[in-house]
Amino acid sequence: MVKLTVVGRAYDGLPVAHFPRVKNEEDMSMLFYKQQAEFIVKEICRGALLPSKMSMNIDDQYCFNYLIEKGISYITLCESSYPRYLAFQYLQDLNKEIEKLDTNFLHTLTKPYSFIKFDNVIAKIRRRYLDTRTQANLSILNANLRQDLDVIIEDISKIIEDRKRSVIH
């Protein structure tokens, strides 16, 4: 299941939208993952994460998937068992929605998460991907069954270690 989504500018690392918003203590565990997603946006910005698509294993329970298109990074936290094809289709759908908008205003934003209007779009698309057994999602999986997903898979702990080493030197 798609648990968290963060959209950011790849060229300066500013996170511009996310869903869901942290509202209570129950959601506080998502705050940790949101901070990790922000770290990923910053690493993309500084050029430490070069692939335009990547999956990052966090632990046995969750993984991050990200897609970079036209200077925008789309990051989602999913359960590890969630099909990678669906996660990337979800990110591509978000990209399509942003491309429908006049994105010039994205470059004028100065405050993190100030693209609140996009939260509703994320929520709407996310609902379509919550259940992997819907007919639409099964069709996506079946259509991609024989295709190789061109995605690099890393461990987030390795990326954090690389960052620590680069800061020390």
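These legends walk through several close-up views of one predicted protein model.

Residue numbers start at 1 along each chain as its sequence is written, and side-chain values rest on heavy atoms, with hydrogens and water left out. Because the model is predicted, local features need pLDDT of at least 70 and side-chain atom pairs count only at pLDDT 80 or more, while totals for chains, interfaces and linings use all residues.

**View 1. The overall fold, for orientation.**
The protein has five helices and six strands, taken as DSSP runs numbered from the N terminus (helices: H or I, at least four residues; strands: E, at least two). Read along the sequence, their order is β-β-α-β-β-β-α-α-α-β-α. Of the 169 residues, 43% count as buried; here buried means under 20% relative accessible area, exposed means over 50%, and partly exposed lies in between (1.4 Å probe, protein chains only). Contacts (heavy atoms within 4.5 Å) reach far along the chain: among those with a separation of 6 or more, 65% join residues 24 or more positions apart. The protein exposes about 9,300 Å², and carbon and sulfur atoms supply 51% of that area, as given by the Shrake-Rupley method with a 1.4 Å probe, where for residues only the protein chains shown count as cover.

**View 2. Strand E1 and its two partners.**
Strand E1 is largely enclosed by the rest of the structure, because seven of its eight residues are buried. Strands count as paired here if DSSP finds at least two bridges between them. E1 runs antiparallel to E5, with seven bridges, and antiparallel to E2, with four bridges. Follow Val 7 to see both partners: Val 7 stands opposite Tyr 74 in E5, and its bridge partner in E2 is Ala 17. E1 and E2 form a hairpin with five residues between them, and in the turn Gly 13 has a positive phi of about 80°.

**View 3. Two separate nonpolar cores.**
In soluble globular proteins, nonpolar side chains tend to be buried together. A nonpolar core is a set of buried Ala, Val, Leu, Ile, Met, Phe, Trp, Tyr and Cys residues joined through side-chain atoms within 4.5 Å. The largest one in this model has 24 residues, and those with the most contacts inside it are Val 7, Tyr 90, Leu 94, Phe 115 and Phe 118. Strands E1 (2-9), E2 (15-19) and E5 (72-79) and helices H2 (84-100) and H3 (117-129) each supply at least two residues of this core. H2 gives the most, with seven residues. A second, separate core of 21 residues includes Ile 40, Ile 44, Met 56 and Tyr 113.

**View 4. Tyr 90 and Arg 126, side by side.**
Leaving out residues up to four places away in sequence, Tyr 90 touches Val 2, Thr 5, Thr 76, Ile 122, Ile 125, Arg 126 and Tyr 129. Arg 126 has its place in helix H3. Is Arg 126 buried or exposed? At 16% relative accessibility, Arg 126 counts as buried. With the same sequence neighbours set aside, Arg 126 touches Val 2, Lys 3, Phe 19 and Tyr 90.

**View 5. Aromatic rings around Phe 115.**
A pair of aromatic rings is described by the distance of the centres and the angle of the planes. Rings of Phe, Tyr and Trp (its six-membered ring) pair if their centres lie within 6.5 Å; planes under 30 degrees apart count as stacked, over 60 as edge-to-face and the rest as tilted. The count by this rule is five aromatic pairs. Phe 105 and Phe 115 meet edge-to-face, at 4.9 Å centre to centre with 70° between the planes. Both lie in the loop between H2 and H3, 10 residues apart. Phe 105 is partly exposed at 29% relative accessible area, whereas Phe 115 is buried at 4%. Phe 115 and Phe 118 are stacked, at 5.2 Å centre to centre with 10° between the planes, and Phe 118 is buried at 1%. Elsewhere, ring pairs link Phe 32, Tyr 33 and Tyr 62 into a cluster.

**View 6. Asn 65, a buried polar residue.**
Asn 65 lies in strand E4 (residues 62-69) and counts as buried at 1% relative accessibility. A polar contact of 2.5 Å joins the side chains of Asn 65 and Ser 55. Such a contact is a pair of N or O atoms within 3.5 Å; within protein, one must be able to donate a hydrogen and the other to accept it, and residues adjacent in sequence count only if both atoms are side-chain atoms. Beyond residues up to four places away in sequence, Asn 65 touches ten listed neighbours, including Met 54, Tyr 74, Cys 78, Arg 84 and Leu 91.
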